[in-house]
Amino acid sequence: MKMGTRSLLFGAHQVLIHPCFVAASWIELYGWPWDPRYWLSFLVHDWGYWGKAEMDSPDGEKHPILGAVLLNMFGGEKWLRFCLYHSRFLARYMKVSPSRLCLADKLAIANTPVWLYLFLVRLSGEAKEYMALAKSGKYDQQGLDLSSPKTWFANVQANMRQWVKDANTPEIRRSRP
């Protein structure tokens, strides 16, 4: 079974657990989302990982496309962009700001309990991929301590919280799908 599929079934992007943390993080940042398309975006934004061999490969970085296409059917191009740009990689590539969904998604990582996240990424095998990529320099800008999975994830959580704090500008807060 490919890594992306494992992630969705029992890993970091588990289709029931991760969307709950994204929703809770959204509420923390922006309040209750009344439009059902927000709830749909929390659910489907990572579905594109299905069948991906690796999480952060060039192919894995295109994972938002499936969720974006689904949201486009329910809300048009604004919702497509909302989902598509939950990926910092795609937002940077398209030279646009990340969407508010990106901030909630990253804060969800920081809000996931260490014991739960590490259990899931060990079960799926993602921990090895993420730590190997960090060791190879993909995440050099984060200055991650790789001495143990627990220390690594504590660094990731701190970096995600700081990134969300820095990125949650008035422009982003005012943006709507």
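Colleague: Which are the buried residues of H3?

Modeller: This is a predicted model, in which local features need pLDDT of at least 70 and side-chain atom pairs count only at pLDDT 80 or more, while totals for chains, interfaces and linings use all residues. Residues are numbered from 1 along each chain as its sequence is written, and side-chain values use heavy atoms, leaving out hydrogens and water. Helices (H or I, at least four residues) and strands (E, at least two) are DSSP runs numbered from the N terminus, and buried means under 20% relative accessible area, exposed over 50% and partly exposed in between (1.4 Å probe, protein chains only). By that rule, the buried residues of H3 are Tyr 38, Ser 41, Phe 42 and Val 44.

Colleague: What covers the buried residues of H3?

Modeller: Here we look at contacts, meaning heavy atoms within 4.5 Å. The cover over the buried residues of H3 includes H2, helix H4 (64-75), H5 and helix H7 (100-111).

Colleague: Let's go to the start of the chain. Which helices are among what covers the buried residues of H1?

Modeller: Helix H1 runs over residues 3-10, and its buried residues are Met 3, Gly 4, Thr 5, Ser 7 and Leu 8. Their cover includes helix H8 (114-124) and helix H9 (126-136).

Colleague: Since H8 came up, with which side chain does the side chain of Ser 124 make a polar contact?

Modeller: Ser 124 sits in helix H8 and counts as buried because its relative accessibility is 1%. Setting aside residues up to four places away in sequence, Ser 124 touches Met 3, Arg 6, Ser 7, Phe 10 and Gly 11. A polar contact is a pair of N or O atoms within 3.5 Å; within protein, one must be able to donate a hydrogen and the other to accept it, and residues adjacent in sequence count only if both atoms are side-chain atoms. At 2.6 Å, the partner of the Ser 124 side chain is that of Glu 126.

Colleague: Is Arg 122 buried or exposed?

Modeller: Arg 122 also has its place in helix H8. Leaving out neighbours within four places in sequence, Arg 122 is in contact with Ala 127 and Pro 149. Its relative accessible area is 52%, so Arg 122 is exposed.

Colleague: Is there hidden space inside? What volume does the largest cavity have?

Modeller: On a 1 Å grid over the protein atoms alone, a cavity is a set of points where a 1.4 Å probe fits but cannot get out, while a pocket is an open set with protein on both sides within 12 Å along at least five of seven lines; lining residues have an atom within 4 Å of a point. Grid points are joined across faces, edges and corners, and a volume is the space filled by probe spheres set on the points. The structure holds 1 cavity of 30 Å³ or more. The largest cavity has a volume of about 30 Å³.

Colleague: Which helices each supply at least two residues of the lining of the largest cavity?

Modeller: Among the residues that line the largest cavity are Leu 8, His 18, Phe 42 and Trp 47. Ala, Val, Leu, Ile, Met, Phe, Trp, Tyr, Cys and Pro count as nonpolar, Asp, Glu, Lys and Arg as charged, and the others, Gly among them, as polar. The lining divides into 6 nonpolar, 4 polar and 1 charged. The helices that each supply at least two lining residues are helix H2 (17-30) and helix H3 (36-44).

Colleague: Which element gives the largest share of the lining of the second largest pocket?

Modeller: The second largest pocket holds about 230 Å³ of space. Of the 13 residues that line this pocket, the closest to its centre are Phe 82, Ser 97, Ser 99, Ser 175 and Arg 176. Two elements, helix H5 (77-84) and helix H11 (170-174), give two or more residues to the lining. The largest share is 3 residues, and they come from H5.

Colleague: Is Ser 99 buried or exposed?

Modeller: Ser 99 lies in the loop between H6 and H7. Beyond its neighbours within four places in sequence, Ser 99 is in contact with Arg 81, Phe 82, Tyr 85 and His 86. With a relative accessible area of 9%, Ser 99 is buried.

Colleague: How many disulfides does a search of the whole structure find?

Modeller: A disulfide is a pair of cysteine sulfur atoms within 2.5 Å. The sulfur of Cys 83 has its closest cysteine sulfur, in Cys 102, 11 Å away, so a bond is out of reach. Cys 83 is buried, at 0% relative accessible area, and Cys 102 is buried at 0%. The number of disulfides found is 0.
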